[in-house]
Amino acid sequence: MALLLLLPSLLLLLLHGSNAQPSPGYYPSHRFKPLRFYHGFSNLWGPEHQYVSRDQSSATIWLDRNSGSGFKSNRPFRNGYFSTSIKLQRGYTAGVITAFYLSNNEAHPGFHDEVDIEFLGTMPGEPYTLQTNVYIRGSGDGRIIGREMKFHLWFDPTAGFHNYAILWSPREIIFFVDDIPIRRYPRRSVYTFPVRPLWLYGSIWDASSWATDDGRYKADYRYQPFVARFARFIVRGCTAYASHRCRPVRSSPSGVGLSSRQTMAMRWAQKHYMIYNYCWDPKRDHSLTPECRS
């Protein structure tokens, strides 16, 4: 009888000490209804390399030796929750980037802000790398001052669709994978945080110069086309034209920040799956990234 009473506690200890995926306790991707593609987006480039399903619930984009493709939100935002489900291509994808990101590059060329989720193509048998990044006020233009954190995933992103999201509020940026927060980037100052309106983008393109093993492996078009499938688009937030009474999307049950369960889930993801943190890189000039000293 005593053993039976102790069994739940023992199971909890085993789960806590294992690599089992924790529950974040809060699921923002389930709080909103997905929108139809053309209700939120339009083609940006490579229209012949983009297919939107008849019901507009999904979009497929691909790269070959002729072109890649991209789409862009119809409106800019000053905050919001932006998510999609993505299925990546299996096999040789070195040099290829599949991206879901926020940017104002077209509005501020040479002096733009950007918040990235990027999948770095890979070699057969090797995992994809998910790269998160934040560029501020032109730090991605010419003189690169990236704020990269990179992860391997706890599942095979080529086997099915998984949800990826960016929550951008006046206080913080939070990156999610299947509703598990993997990174929280708090606002320290206007110099290290995007405060101008941003558009939402999705794209696939050739980044052979740096994407895979710092450019060692290039896109090989014998394996073309390279295909990325997007579905379940959620775009909720305050547009650049909304009233100032428009409130940011809640990131947690309390509304801001992360709950204790979300924080534990993020620590789990970073402990087991983070493979690079720019703040820990001794080769970086951290006078350019003052948030690393906070």
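**Briefing: disulfides, open sheet and largest pocket**

The torsion about the S-S bond of Cys279 and Cys292 is about -80°, so this disulfide (a pair of cysteine sulfur atoms within 2.5 Å) is left-handed. The pair ties together parts that are 13 residues apart in sequence, because Cys279 and Cys292 each lie in the segment after β15. The model is predicted: local features need pLDDT of at least 70, side-chain atom pairs count only at pLDDT 80 or more, and totals for chains, interfaces and linings use all residues. Residues are numbered from 1 along each chain as its sequence is written, and side-chain values use heavy atoms, with hydrogens and water left out.

**Disulfides**

- The count comes to 2 disulfides, and with the bonded cysteines numbered in sequence order the pairing is 1-2, 3-4.
- In the pair Cys279 and Cys292, the sulfur atoms are 2.0 Å apart.
- Cys279 is partly exposed (20% to 50% relative accessible area, 1.4 Å probe, protein chains only; buried is under 20% and exposed over 50%) at 24% relative accessibility, and Cys292 is partly exposed at 21%.
- Cys238 and Cys246 are joined with an S to S distance of 2.1 Å; the torsion about their S-S bond is about -95°, so this disulfide is left-handed.
- Cys238 is buried, with a relative accessible area of 0%, whereas Cys246 is partly exposed at 25%.

**Open sheet**

- An open sheet is formed by 8 strands (DSSP runs of E, at least two residues, numbered from the N terminus) in the order β1-β4-β13-β6-β7-β8-β9-β15, with antiparallel pairing.
- β1 and β15 are the edge strands, each pairing (at least two DSSP bridges between two strands) on one side only.
- From one strand to the next, the twist averages 20°, with axes fitted to C-alpha atoms and angles running from 0 to 180 degrees between N-to-C directions.
- β1 pairs with β4 (residues 69-73) in the antiparallel sense over 4 bridges, and Phe71 in β4 is the bridge partner of Asn43.

**Largest pocket**

- The largest pocket (on a 1 Å grid over the protein atoms alone, an open set of points where a 1.4 Å probe fits, with protein on both sides within 12 Å along at least five of seven lines) holds about 870 Å³ of space.
- Its lining (residues with an atom within 4 Å of a point) has 35 residues, and Leu120, Gln131, Lys150, Trp210 and Ala211 lie nearest the centre.
- Strands that each supply at least two lining residues include β1 (41-45), β7 (114-120) and β15 (274-277).
- By class, the lining has 16 nonpolar, 8 polar and 11 charged residues.

Key:
Grid points are joined across faces, edges and corners, and a volume is the space filled by probe spheres set on the points. Ala, Val, Leu, Ile, Met, Phe, Trp, Tyr, Cys and Pro count as nonpolar, Asp, Glu, Lys and Arg as charged, and the others, Gly among them, as polar.
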